[in-house]
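Please open the model in a viewer and keep the selection panel at hand. The stops below proceed by selection, each with a description of what is found there.

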Amino acid sequence: MVNNPSRESLPGAPSDVSAGTETVAPTARGAMLYDASRCGQPDERIFARDHWRARGALEEAAGGRGTVAFLCDGERRWVLRHYRRGGAVARLLGDRYLWNGAGRTRAFREWRLLRELRAAGLPVPTPVAAQYERVGPFYRADLITEELPARRTLAQALAVAPLDAATWRSVGACVGRLHAHGVHHADLNAHNLLLGDDGSVYVLDFDRGRVRPRGAWEGAVLERLQRSLRKVTAGLPPDRHDAATWQALLDGLEDD
């Protein structure tokens, strides 16, 4: 399936931010976009869960609307995500999106944004490959990224125990780094912030994200995150999220 496999020797995001040439290749029903330095010369099976399952290399994961799977194949530690709509529109369109050209597909846009953010040294997944498949006036899409060194989400951590002020400040510093680079995350919430055992913080899911001039949108991103924190800590002890923890997060926004 993949020739000249990646030489990454450790799981998680690579220590370097170098990237190979962007390659676009046709497929039977659409096209794929990939970095050969990360995955060699792949074919369409790289996006097929049944293929990985048959190799004993697939680990299904809950969350993300049930669309995420971890691919553990030898030295490779990848994450496969199938794009699927949420909300009421999902009942009508499911995993289909209106076709407006290859460059405007969700998978290709997110792949290219992640590549840009990784080049800037930001704590986001390294993109491996993306694809779209045409379905009449619609398309379906998938994205593969390298697995990050952490899987524990902020929401999961809060469900277990309160976090200290330093951790909250680190979360704020991570968000601050994104905003300093003009990175507008379209859905920043407690489920797509990951906490490493070493105090590191990572950000997932840049679907519909973009780079733009700094402005009032930063406050809207923080408000969305605060709403998410209130939701995931509802019914938990009050020390899981309160005015003091939120202030610690805000204090971290300006940390370098």
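Select E147 first: in this predicted model, E147 is buried, because its relative accessible area is 9% and the cut-off for buried is under 20%. Add R151 to the selection. The two residues form a salt bridge, with 2.7 Å between the closest N and O atoms. R151 itself is partly exposed, at a relative accessible area of 37%. The bridge thus has a buried partner in E147 and a partly exposed partner in R151.

Next, select R49, D50, R53 and E60 together. Salt bridges with shared partners link R49, D50, R53 and E60 into one network. Within this group, show the side chains of R53 and E60, whose closest N and O atoms lie 2.7 Å apart in a salt bridge. Are R53 and E60 buried or partly exposed? R53 has a relative accessibility of 42% and counts as partly exposed; E60 is likewise partly exposed, with a relative accessible area of 43%.

Move to D43 and R45. Here the salt bridge has its closest N and O atoms 3.0 Å apart. D43 is partly exposed at 26% relative accessibility, and R45 is partly exposed with a relative accessible area of 40%. To place these pairs in context, the structure as a whole holds 19 salt bridges.

Now display the strands. Select strand β7, residues 127-135, together with strand β2, residues 30-35; the two pair in the antiparallel sense over 5 bridges. To inspect one position of this pairing, pick M32, whose bridge partner in β7 is Q131.

Keep β7 selected and add strand β8, residues 138-146. How many bridges join β7 to β8? There are 8 bridges, and the strands run antiparallel. V135 stands opposite F138 in β8. The hairpin of β7 and β8 has 2 residues between the strands. Select G136 in this hairpin and check its backbone: G136 takes a positive phi near 60 degrees.

The following stop is the second largest pocket. Select R104, T105, R106, R109 and Y139, which lie nearest the centre of this pocket among its 15 lining residues. The elements that give two or more residues to the lining are β6 (97-98) and α4 (106-119). Which element provides the largest share of the lining? That element is α4, with 4 residues. Colouring the lining by residue class shows 5 nonpolar, 3 polar and 7 charged residues. The space within the second largest pocket amounts to about 240 Å³.

For the last stop, select helix α8, residues 243-252, and within this helix D251. D251 counts as partly exposed, because its relative accessibility is 35%, which lies between the limits of 20% for buried and 50% for exposed. Then add A161 and draw a line between the two C-alpha atoms. D251 and A161 are 90 residues apart in sequence, and their C-alpha atoms are 21 Å apart in space.

Note on methods
Residues numbered from 1 in each chain as written. Predicted model: local features only at pLDDT ≥ 70, side-chain atom pairs only at ≥ 80, totals over all residues. Heavy atoms only, no water. 1 Å grid on protein atoms, 1.4 Å probe; cavity = no way out; pocket = protein on both sides within 12 Å on 5 of 7 lines; lining within 4 Å. Points joined across faces, edges and corners; volume = space filled by probe spheres on them. Nonpolar A, V, L, I, M, F, W, Y, C, P; charged D, E, K, R; others polar. Buried < 20%, exposed > 50% of the residue type's maximum accessible area, 1.4 Å probe, protein only. Salt bridge = Lys/Arg side-chain N within 4 Å of Asp/Glu carboxyl O. Pairing = 2+ DSSP bridges.
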